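Biologist: Let us go through this one quickly. Please show the sequence and the structure, and I will ask as we go.

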Amino acid sequence: MTTILEMRNITKRFGPVVANDDVSFSVKKGEVHALLGENGAGKSTLMNILFGLYEQTSGEILYKGKTVNIRSPRDAIHLGIGMVHQHFMLIPAHSAIENVVLGYEGNSAVLDLKSAAKRFTEMAERYHMNIDPWELVGNLSVGQQQRLEILKALYRDVETLILDEPTAVLTPQEVDGLFEVIRQLVAEGKTVVFISHKLPEIRAICDRCTILRRGKVAAAGLPISDIKDLNELARLMVGREVELVTEKTPSEPGEVVLNVENLNYTNDKGIHVLKDVNFDVRAGEIVGICGVDGNGQSELIKCLTGLLHATSGKIELMGNDITACTPKQVLKQGIGHIPEDRHAMGMVGQMNLRENISMVDSRDEPYSSHGFMHWRWIDDHSRNLIDKFSVKTPSIMEKAINLSGGNQQKLVVGRELSRKANLLIAVHPSRGLDIGATKYIQSQIVEARDRGVAVLMVSTELDEILEIPDRVLVIYSGRILACLDQCDCTRSGLGLLMAGIEDGEEDRPA
Amino acid sequence: MEGLGIKQRLQETLKSIYFPFVAIVVSLLIGSVVILATSTTSPLTAYGHMLKGAFGNLAAFDATLIKAIPLIFTALSFSLARRSGIINLGAEGQFMMGALAATAVGVATPNLPAIIHLPATLLAGFLGGALVGLLTGVLKVRFGASELIITIMLNYIAKELISFFVNGPLMDSASSSYPQSAPMEPSARLYKFIPGMNVHTGLIIALVFIFLYYFFLWKTTAGFDMRVVGFNPSAGEYAGMNIGRSTIFALFLAGGLAGLGGCIEIIAVQGRLMMTSFIVPYGFTGIAVALLGNLNPLGVLFSGILFGGLSAGALRMEVMTRNVSSSVAVVIQALIILFIAGRQMFAIKKRYRSRSSSGTSAGKTVTDEAKDDDAPLAPATAEEGV
């Protein structure tokens, strides 16, 4: 196999921060090459340089043996390099085919969507991806949207496809489908760069890998078969031994802390999002809610925290009815909430750490009294919290946006865990985090449980669901399909339930 | 503060004044083209007169300060609202309503001791503007109306109200048929306080309010909540804050600040309310002052003085050169606003890039990202604007 892509001695600086330090990266034609590393290791930076979103500070890129100067995604696509981002870049209100031709250089002055759709459909059929070109993107499932992104790149005749954490949003069955597509692409001689940190997937699909650690290459072009097990991979990525199993004793559930009865929620578009949801969470146990994104988890959590109000049903916290409470009242009752999206909700990026730490309790002592902030106390508290939860930051005066994703999450988790809460709601607590940070946050959640806190955890990660909760609820289309003890959970069983398949009967919409 | 050495803070400060500095220099350069095109005077001579007229001697600086005072208030008004996530284009009208309310109190009760009359007049000025702000806030929160539209429309209403009052209820019956109010009672006026200078005690009030602006936003819980909501309303809601109340309160205070500025302009400078009292658009210029000062307390002070200097200097420039119009100063002000607003475009592009690279939330609205914060008394870094 010949080398199709070579990035030589790439260095990228952002001010004083070195995101890529003399990184060399070489990919052979027709292989699936995994790019691995913890969050903040520089994977995305490197791929964004390749895709023309960043310009390297120094170093050169060779594509098919020629030095190339990639200044924009347009240049990259010209060369035949495509990228599917982790967060899709599609316009929901437009049809699939409109999204495909958007920005396509081969468009004629008057758009000919019909022939474009014809070409698209032929291509989709070749890869066994059936997507109606006229369907609005907003009506496609997440898996379909991803396939559309891939087709969009293929439509531009790319030969090298970068997939940035493509499996993060998929069910296990959808992952298998994605792998089929990747195998077919490789069989046609295309090259795939696969960014991930999940060993089973890397094993299943990749040929070689390059591992980045703190901006430097920790291993280059390592054949996947040389990696013995998950521990070794973690060691390569983190640079030290990582405890991969979260220590956990059997739970000792106490009294009921949260009780949800016949909860229904209909949103303002008239869609019945939550349907007769019933469950409880006891002190000292972790209840996991597992399901593919968008099956009502967000709305359920918003109802519990007062951000939305249920249409009918009852929510009780420690015996008090909180169904109609405002977020402030709910917080007062003792709920810690690690929100779904730390950027949108959990923190204020442009404020510094001590301000982010005081955000939720700003009106209460000892954070403030008589309307005045107690910055001196907050400073001490913040330093302790940062220490305890090992948030890496130069100072508590640093803006939250300048921290890495893992450290931001540690900040939010730390803040919520150090509040006096009877109930901890943790939504995707480890989303986007690397192995080290994930394990740390999971162990903190288990520790909170052991202190007698009732924990409700929402996750789409099966590994997490199989490991952390004591009980698992599967949510599908706004309904709790099953409530299982952890020991009864299997990967395939949960996978089927997450796809809405109960007892072999399929009711998942196409 | 920890982690930030003196050198680092100096660097930050330099970095933050770099852009305003460039904006001013480029505006002056373009202004010189305007001077060349419209007069026979060399731009250097014209600017020399302008500089002398603004900061050349004590008398010039005196005039500059007097013009800076109302600008500082309207700039604080815009800044406070902006920090709370609201764009207040209504400082103009709030300024007028403050002046109107102050006039009503200031002319109404003769023989009142100054110790009561003056505070009452200032309070009336504050409330006059604050109530306009409150109305805006209620309309925005209750009906979801855009504050941009409401504030602009209220500016017209304020202007017509002034016209009505100086031609009607508040018209000075003693003097003439001019549309103007009676002179303010001596007990409701502000006087000069530095020997040899005309600048009045309104300067002290302005400095106090600059400090209060800082103190309120960074030291009180209400101010803290306002900033959280201003940066990220969802985070504020998540943290149990009342977004609507914060918005209304912010607009109340912002209106009050502008109203106080209007009040001081009348009781210290103009002496009575006239149709011509509001020829200088202090409200709109205040937006430029706030943006140039990066919504920062010290920044507002310095850019207020700079803009005061521009208009004070422009007069001298026109008088001395005889053929350069003082409107050049307005052109320069407008250019500064354009460049400051234009900075947002750079910011958006940069943000798009860094966003899509970090792989997070590429499709999300990122309006909050443009705002800076932190280290409030050292001019802050990031980009800001309408």
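Biologist: In which hand does α4(A) pass α5(A), left or right?
Modeller: This is a predicted model. The axes of α4 (residues 113-126) and α5 (residues 142-155) of chain A come within 10 Å and cross at roughly 115°. The crossing of α4(A) over α5(A) is right-handed.

Biologist: How do the residues of that contact divide into nonpolar, polar and charged?
Modeller: α4(A) brings A:Phe120, A:Met123 and A:Ala124, and α5(A) brings A:Leu151, A:Leu154 and A:Tyr155. None is polar and none is charged. The count is six nonpolar.

Biologist: Which helix gives the most to the largest nonpolar core?
Modeller: That core has 185 residues. A:Leu423, A:Ile425, A:Val455, B:Ile72 and B:Leu76 have the most contacts inside it. With 14 residues, the top contributor is helix α10 (residues 243-270) of chain B.

Biologist: How far apart are the end C-alpha atoms of α10(B), and what span is expected?
Modeller: α10(B) has 28 residues, and 22 of them are buried. At 1.5 Å a residue, the helix should span 40 Å. The model agrees, with the end C-alpha atoms at 39 Å.

Biologist: Which residue follows α10(B), and what is its phi?
Modeller: The residue after the helix is B:Gly271. Its phi is positive, near 80°.

Biologist: How many helices and strands does chain B have?
Modeller: Of the 386 residues of chain B, 50% count as buried. Among its contacts between residues at least 6 apart in sequence, 76% join residues at least 24 apart. The elements of chain B come to 13 helices and zero strands.

Biologist: Is B:Arg322 buried or exposed?
Modeller: B:Arg322 sits in the loop between α12 (297-321) and α13 (327-358) of chain B. Its phi is positive, about 65°, although it is not a glycine. It has 9 C-beta neighbours inside 10 Å, and the cut-off for exposed is 12 or fewer. Therefore B:Arg322 counts as exposed.

Biologist: What class does A:Arg214 fall in, with 15 C-beta neighbours inside 10 Å?
Modeller: A:Arg214 lies in the loop between β9 (208-213) and β10 (216-223) of chain A. Its phi is positive too, near 45°. Buried needs 20 or more neighbours, and exposed 12 or fewer. With 15, A:Arg214 is therefore partly exposed.

Biologist: What is the omega of the peptide bond from A:Glu365 to A:Pro366?
Modeller: A:Pro366 is in the loop between α12 (353-358) and β17 (368-369) of chain A. Most peptide bonds are trans. The bond from A:Glu365 to A:Pro366 is cis, with omega near 0°.

Note on methods. Residues numbered from 1 in each chain as written. Chains lettered and ligands numbered in written order. Predicted model: local features only at pLDDT ≥ 70, side-chain atom pairs only at ≥ 80, totals over all residues. Core = buried A, V, L, I, M, F, W, Y, C linked by C-beta atoms within 7 Å. Helix = DSSP H or I, 4+ residues; strand = E, 2+ residues; numbered from the N terminus. Expected span 1.5 Å × (residues − 1). Contact = placed C-beta atoms within 7 Å. Axes fitted to C-alpha atoms, helices over the stretch in contact; angles between N-to-C directions. Left-handed = near helix turned anticlockwise from the far one by under 90°. Nonpolar A, V, L, I, M, F, W, Y, C, P; charged D, E, K, R; others polar.
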